[in-house]
Amino acid sequence: MRAMNSAVSSSAKTRRTGLLVLGMHRSGTSATTRWLNLLGAALPGNLMEALADNNAEGFWESRDICLLNDELLQAAGSCWDDWRNLDQHPPPEKTLNTWQQQALEQLREDFSQTRQFVL
């Protein structure tokens, strides 16, 4: 019974909860992300810089994930402020695997030591 309890508690220690904030720009995503952070969720390491004339307190979002998202959108012939539908043809599997690996590496880099994080 003791070995089983050790395995359970060891497994419980590695469980993580990721909170993903999604929304249109200027819709309160930064404020929501910061609110969740103040409630205990860890923020990414490389935050987007504050802008005095836009979000003077900060954006509270990952600069690295933003750059990856921009790369994904560009590959689909789009950008963050493009209102048109995205190209529905997926990129080659090798490209998808590369992006997935980049995303996983970034999550590990930012949150490997936290049990709850917000992105």
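This briefing describes the fold, the core and the two largest pockets of a single protein chain. The model is predicted, and every value given here was computed from it. The chain has 119 residues, of which 24% count as buried, and its secondary structure consists of 4 helices and 2 strands. The largest pocket has a volume of about 1300 Å³, while the second largest pocket holds about 190 Å³ of space.

**Overall fold and surface**

- Read from the N terminus, the elements follow the order α-β-α-α-α-β, which places a strand at the end of the series.
- Among the contacts in the chain with a separation of 6 or more, 56% join residues that are 24 or more positions apart in the sequence.
- The chain exposes about 9100 Å², and carbon and sulfur atoms supply 54% of that area.

**Nonpolar core**

- The largest nonpolar core is made up of 6 residues, namely Val21, Leu36, Ala41, Leu43, Trp60 and Val118.
- Leu43, a member of this core, is in contact with Thr33, Arg34, Asn37, Trp60, Phe111 and Val118 when its neighbours within four places in sequence are left aside.
- Two of these partners, Trp60 and Val118, also belong to the largest nonpolar core.

**Largest pocket**

- The lining of the largest pocket comprises 43 residues, and those that lie nearest its centre are Gly23, His25, Cys66, Asn69 and Trp80.
- The elements that give two or more residues to this lining are helix 2, which spans residues 29–38, helix 3, which spans 63–75, and helix 4, which spans 93–111.
- Helix 3 gives the most to the lining of the largest pocket, with 7 residues.
- Sorted by class, the lining of the largest pocket contains 23 nonpolar, 13 polar and 7 charged residues.

**Second largest pocket**

- The residues that line the second largest pocket are Leu72, Leu73, Ala75, Ala76, Leu86, Asp87, His89, Pro90, Pro91 and Trp99.
- Helix 3 supplies the largest share of this lining as well, in this case with 3 residues.
- By class, the lining of the second largest pocket has 8 nonpolar residues, together with 1 polar and 1 charged residue.

**Points to carry forward**

- Helix 3 is the element to locate when viewing the pockets, since the largest pocket takes 7 lining residues from helix 3 and the second largest pocket takes 3.
- For the core, Leu43 offers a starting place, with its contacts to Trp60 and Val118.

Key. Residues numbered from 1 in each chain as written. Predicted model: local features only at pLDDT ≥ 70, side-chain atom pairs only at ≥ 80, totals over all residues. Heavy atoms only, no water. 1 Å grid on protein atoms, 1.4 Å probe; cavity = no way out; pocket = protein on both sides within 12 Å on 5 of 7 lines; lining within 4 Å. Points joined across faces, edges and corners; volume = space filled by probe spheres on them. Nonpolar A, V, L, I, M, F, W, Y, C, P; charged D, E, K, R; others polar. Buried < 20%, exposed > 50% of the residue type's maximum accessible area, 1.4 Å probe, protein only. Contact = heavy atoms within 4.5 Å. Areas by Shrake-Rupley, 256 points an atom, 1.4 Å probe, with all protein chains shown as cover. Core = buried A, V, L, I, M, F, W, Y, C linked by side-chain atoms within 4.5 Å.
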